[in-house]
Amino acid sequence: MSAKQITRSAPERHKVTITYLEQTHPPQPHAVARPAANVAILRCETPPVDFYRHLYNAVGEAHKWVSRRYLEDDILKSLIHAETVRIYVLYTDGWPAGFAEIDIAKPETPVIRFYGIVPEAQRQGLGRWFFHEILGLIWAEGPKSVRIDTCSMDSPSALRLYQRAGFDVIGQEAGLIEWYG
């Protein structure tokens with residue numbers, strides 16, 4: 001869906017708590033067993049905007065993700081095609097089940113901007129495995145630390161997943177999400 005096609009009525013407003021996390025050492029290799037499902041992770045280089053929007057909305061709609069939702073196509077394209085952006089797509093049985101977007105503008109401290117699993121693929125052991133695989137790819141580049149943030153609208157299991165993977169909370173702040181449904 002193009003950002004131009006969204007009807008602008010009065011937004012829902014949601015107060016959120018944003019939690020910032022940092023990992024200062026790589027997790028143990030093979031900390032999570034590979035799922036029994038037929039899975040693959042592919043780097044998605046210069047994806048079509050519509051494909052990216054599909055992934056972003058499929059993962060983020062339930063959590064009211066908005067930072068990319070209302071962007072014009074040309075602006076979104078410039079963001080996702082930037083040299084410093086890495087997008088990885090998780091496939092299960094041949095269909096996209098989740099994605100991760102990593103910003104390496106500061107190679108010493110890359111940021112996982114977006115991470116998630118589509119609702120149809122949740123609770124199958126894919127999310128934890130995919131997250132650890134993404135961390136392995138990031139740490140293979142030799143950063144000093146990795147950062148991620150989450151908010152109180154995200155899945156309740158997100159913060160637990162990040163902390164179990166070795167991330168520590170480095171800050172919190174209040175925020176507001178304006179959702180145009």
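## Strand pairing at the β2 edge

Strands β2 and β3 (residues 85-92) run antiparallel and are joined by 5 bridges. One residue pair illustrates this register: L42 has V89 of β3 as its bridge partner. The model described here is predicted.

## The sheet as a whole

The pairing of β2 with β3 belongs to an open sheet of 7 strands, arranged in the order β2-β3-β4-β5-β6-β1-β7 with mixed pairing. The edges are formed by β2 (39-43) and β7; each has a single partner strand, so one side of each is left without a neighbour in the sheet. From one strand to the next, the twist averages 25°.

Helix α1 lies across three strands of this sheet, namely β3, β4 (95-103) and β5. Relative to β4, α1 runs at about 95°.

## The largest pocket

The largest pocket has a volume of about 1,100 Å³. Its lining comprises 41 residues, of which Y115, D154, S155, A158 and Y162 are the closest to the centre. Two or more lining residues come from each of β1 (12-23), α1 (49-60), β5 (111-117), α3 (126-139), β6 (146-151), α4 (156-164) and β7 (168-179). Among these elements, α4 gives the most, with 7 residues.

By class, the lining of the largest pocket consists of 22 nonpolar, 11 polar and 8 charged residues.

## Sheet and pocket together

Several elements appear in both descriptions. Edge strand β7 gives two or more residues to the pocket lining. Helix α1, which lies across β3, β4 and β5, likewise gives two or more residues to that lining.

Note on methods:
Residues numbered from 1 in each chain as written. Predicted model: local features only at pLDDT ≥ 70, side-chain atom pairs only at ≥ 80, totals over all residues. Heavy atoms only, no water. 1 Å grid on protein atoms, 1.4 Å probe; cavity = no way out; pocket = protein on both sides within 12 Å on 5 of 7 lines; lining within 4 Å. Points joined across faces, edges and corners; volume = space filled by probe spheres on them. Helix = DSSP H or I, 4+ residues; strand = E, 2+ residues; numbered from the N terminus. Nonpolar A, V, L, I, M, F, W, Y, C, P; charged D, E, K, R; others polar. Pairing = 2+ DSSP bridges. Axes fitted to C-alpha atoms, helices over the stretch in contact; angles between N-to-C directions. Contact = heavy atoms within 4.5 Å.
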